[in-house]
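Please work through the following exercises with the coordinates open, and attempt each task before reading its solution.

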Amino acid sequence: MTTTVDVDQTAPGRDPAAKPSAPAPRAARRRRFNFTPYAMLAPAAILFLVFMAAPIVYTLILSLQKTEVQGLGLGSGARKTVFAGLSNYAAAFSDPDFLASAGRVGLYGLILVPAMLVLALVFALLLDSKRTRLAGFSRVVIFLPYAVPAVISSLLWGFLYLPSVSPFVDLANALNLPSPDVLSQGTVIFAIANIALWGGVGFNMVVMYTALKAIPTDLYEAARLDGASEIRVALAIKIPIILPSLIMTAIFSLIATLQVFAEPTTLKPLTNSISSTYTPLMKVYRDAFIRNDVNSASATSIIIAVTIFALSFVFLRVVQRRAFQEENS
Amino acid sequence: MSTVTKPLSSRSSMGRPPLAKNRSGRIGANDKTSYTSTIILLLGALYCLLPLAWVLMASTKSGGDLFTSNTFVPSGHLFDNIVELTQYRGGLYWRWMLNTALYAGVGAFLSAAVSAFAGFALAKYTFKGKQATFMVLLAGVLVPGVILAIPQYFLLAQVGLTNTYWAVLLPQIISPYGIYLARIYAGASVPNEIIEAGRTDGASDLRIFLRLAVPMMAPGLVTVFLFQFVGIWNNFMLPYIMLGDDRLYPITVGLNGLLNQGSTVPALYSLVITGALLSIIPLVVLFLVLQRFWKVDLGAGAVKS
């Protein structure tokens, strides 16, 4: 924040309302409150309040309520909303479906996030190396899956997995190999992780590559002339410099991972291994729209959101405090 | 990315001390081709192309061929499949495509505009509450958007906006990350001297913003637009929740529904596959055409002199 120069206090004509031909008296202008930044922020602020802050508050309220059914549950007066305290949260934490889905997503994140980041970093460093040929082609092609919506990529991979359609199964049959069914109970989590990896690795690669390109080459040219290997240059110079970018991509990957929804929802019709509560968010969807239990869906939403927040912050604290401040200055 | 020969390479090939590492041919300070790294990257590219190549081949198959022949061998039914897809419920598929273009195009444009204003204000003004605003914004970046979809549904339901175009369009205009990026671009690409000069010439702040700052921020704003465009195009959960009328669906929700039906009517699979192929083409073209904007540096213009 320190480099942001305050340009609006001294310059004349800063207020759109003040006509240049009739400048306001100096003293009055100095004291006048400057509305301009607030006006510029207003559309964003209003949208933020309506579509982000209000839904969050609303979810919080819903999560603390429950609907009580009286008598036979018929008629308009039979259902009423009462304060439930933390009972919805308690119920969520003792719900085996929720705990199973949380465990599944935890495992999914442990598989996906490191794989995605390591692969993206390796690709970015290789792109940045002057000794890699066809790097332009590879960069475009690896980034391309980012253009494919998660639903569509799940659909494509889903067919590649589906034994009755899959060319790999055909190939395995032709070679008399056992045909793998990746959509089976034990491996479907890898199948989903692969889809997310396919869709996300190129994006993370480009973010890291952009950061690498911003490093002034003279910072490592000297090291290279002294005979330092590319790998040493990468480990000792490049990676530490782009650390803030790595942290950002890690956090975004983590956030995306914990709210996985589109991939399993799309694969669901192709296999029996994916239940309607396979991920926490799928459970939220089921509770809210199929079971019409908005209150427990809200409690689960809050738990997911708080978890994501907590993990992001802990991660930031543990890895490096500078991440935001550096971008910020 | 091409093979630019620098004066360095000639120097290094002559005067370089004969280190053991260099003799292995794997590591060195020159720009000699590294087959290992080239091949690793090409393998990555192959992995990324695989499903795309498959959908291209599979969409040339008739419904029956799909299950009987190896799907990597092309057939001649692409045109028939496109005709069949077009006829499906009176061109519903193309309506989904148009809806998607509308949601993503209009939404991303408005998002870039809102982000530009907010980012410029945060980067170039000092005002009360600025620090707090920025902290809220950063927190907003971390708020999982998908978590918001369900409460957004119930809030919009109270004003009768669910199952309309607005339900999908409005919630996706606000993008804390877009504002965050716009703030960085404004800080890096719009010099304070230019703003000062504009003020000295008597231009209003709005005019300075529109005429001076926006053109300077333009490459960054295109990136914000593209981010949001892809984000909206890819979004599944929000329209999935908000919309009941399948004439309002974007392509993602539409194809998901078709796939669901396909589990009981496998003949629909060839429609799903052809639909997937056709839906990818516009975005792939957009990516290739606008490729250079994806290289835009977060600190463009700021770092290198």
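**Exercise 1.** Determine what percentage of the residues in chain B is buried, and state how many helices and strands chain B has.

*Solution.* In this predicted model, a residue counts as buried when 20 or more other C-beta atoms lie within 10 Å of its own. Applied to the 305 residues in chain B, this criterion yields a buried share of 44%. Turning to secondary structure, chain B has 15 helices and 0 strands. As a last step, take the contacts in chain B between residues at least 6 apart in sequence: 70% of these join residues at least 24 apart.

**Exercise 2.** Establish where in chain A the confidence is lowest and where it is highest.

*Solution.* Begin with the chain as a whole, for which the average pLDDT is 82, with 84% of the residues of chain A scoring at least 70. Next, go to the elements: helix α1 (residues 26-31) of chain A has the lowest confidence, with a mean of 44, whereas helix α4 (residues 96-128) of chain A has the highest, at 94. Finally, consider residues 1-31 of chain A, over which pLDDT stays under 50 and for which the model has 41 contacts beyond four places in sequence.

**Exercise 3.** Describe how the two domains of chain A are placed, and which elements of domain 1 touch domain 2.

*Solution.* The division of chain A gives domain 1 (35-83) and domain 2 (87-328). Between the C-alpha centres of these two domains of chain A the separation is 31 Å. Their contact involves 7 residues from domain 1 of chain A and 8 residues from domain 2 of chain A. On the domain 1 side, the elements that give two or more residues are α2 (36-63) and β1 (65-69) of chain A, and the largest share, 4 residues, is that of α2(A). Sorted by class, this side of domain 1 holds 2 nonpolar, 4 polar and 1 charged residues.

**Exercise 4.** Characterise the side of chain A that touches chain B, by its largest contributor and by residue class.

*Solution.* First count the partners: 94 residues of chain A are in contact with 98 residues of chain B. The largest share of the chain A side, 15 residues, comes from α2(A). By class, the chain A side comprises 64 nonpolar, 19 polar and 11 charged residues.

**Exercise 5.** Identify which residues touch the most other members of the largest nonpolar core, and trace the contacts of A:A124.

*Solution.* The core has 170 residues, and those touching the most other members are A:A120, A:A124, A:M205, A:M208, B:A118, B:A182 and B:A276. Its largest share, 18 residues, comes from α8(A), and at least three residues are drawn from each of domain 1 (35-83) and domain 2 (87-328) of chain A. Once residues up to four places away in sequence are left out, A:A124 touches A:M205, A:M208, A:Y209 and A:L212.

**Exercise 6.** Are A:N176 and A:N292 buried or exposed, and in which loops do they lie?

*Solution.* Start from the backbone: A:N176 has a positive phi of about 60° although it is not a glycine, and A:N292, likewise a residue other than glycine, has a positive phi near 55°. A:N176 is in the loop between α7 (167-174) and α8 (188-213) of chain A, while A:N292 belongs to the loop between α13 (280-290) and α14 (294-319) of chain A. A residue is exposed if 12 or fewer other C-beta atoms lie within 10 Å of its own. A:N176 counts as exposed because it has 6 C-beta neighbours inside 10 Å, and A:N292 is exposed with 9 other C-beta atoms within 10 Å.

Terms used
Residues numbered from 1 in each chain as written. Chains lettered and ligands numbered in written order. Predicted model: local features only at pLDDT ≥ 70, side-chain atom pairs only at ≥ 80, totals over all residues. pLDDT = per-residue confidence, 0-100. Contact = placed C-beta atoms within 7 Å. Domains from an automatic or database assignment. Nonpolar A, V, L, I, M, F, W, Y, C, P; charged D, E, K, R; others polar. Core = buried A, V, L, I, M, F, W, Y, C linked by C-beta atoms within 7 Å.
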